[in-house]
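Colleague: I am new to this structure and would like a close look at one part of it, the pairing of oppositely charged side chains. Please take me through it slowly, and explain your terms as you go.

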Amino acid sequence: MKIAYAEDVQNLRQVVIRILKAAGHEVDAYQDGASIIHALSSKGYICDFVVTDNQMPKKTGMEVLRFIRSSPTFKLLPVIVLSADDDIQKEAEKLGAFFFSKTYHDLQGLPEIISGMATK
């Protein structure tokens, strides 16, 4: 599965890339919300899934999610919003995303959650 992943913290980005690649996924990584929106806006860009941090420079993960849901091309794309801020959980879920509390231990379970969401 091809996953577009946005995270501004380089060390954490590398950890998640490693976890996803070890589970057999192809990962396109972006350092902020604006970069992933730019990629999704590019003609011909295709991915199966989006995983995004929320608190990032330029555009937040919630802004990425709103962009995806407003896009005719990507509106049904599965999205996971990663955040240590539980205050956005309800809004993310209302927009059809899976909210994932970001701790290192929990991140190990990302491939399982992606697999579960992809089979729905």
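Modeller: A good place to begin is Asp 32, which counts as buried because its relative accessibility is 3%, where buried means under 20% relative accessible area, exposed over 50% and partly exposed in between, with a 1.4 Å probe and protein chains only. Please keep in mind that this is a predicted model, in which local features need pLDDT of at least 70 and side-chain atom pairs count only at pLDDT 80 or more, while totals for chains, interfaces and linings use all residues. Residues are numbered from 1 along each chain as its sequence is written, and side-chain values use heavy atoms, with hydrogens and water left out.

The partner of Asp 32 is Lys 58, and their side chains meet in a salt bridge at 3.8 Å, N to O; the term stands for a side-chain nitrogen of Lys or Arg within 4 Å of a carboxyl oxygen of Asp or Glu. This pair links distant parts of the chain, 26 residues apart, with Lys 58 in the loop between strand S3 (49-53) and helix H3 (61-70) and Asp 32 in the loop between S2 and helix H2 (33-41). Helices (H or I, at least four residues) and strands (E, at least two) are DSSP runs, numbered from the N terminus. In contrast to buried Asp 32, Lys 58 counts as exposed, at 67% relative accessibility.

A search of the whole structure finds three salt bridges, and another of them joins Lys 2 to Asp 28, with the closest N and O atoms 3.4 Å apart. Here too distant parts of the chain are linked, since Lys 2 belongs to strand S1 and Asp 28 to strand S2 (residues 26-30), 26 residues apart. Lys 2 is partly exposed, with a relative accessible area of 21%, whereas Asp 28, at 18% relative accessibility, counts as buried.

There is also the pair of Glu 91 and Arg 66, whose closest N and O atoms are 2.6 Å apart in their salt bridge. Glu 91 lies in helix H4 (residues 89-94) and Arg 66 in helix H3, so the pair ties together parts that are 25 residues apart in sequence. Glu 91 counts as partly exposed at 34% relative accessibility, and Arg 66 is partly exposed as well, with a relative accessible area of 38%.

As a setting for these pairs, the protein has six helices and five strands, and 46% of its 120 residues count as buried.
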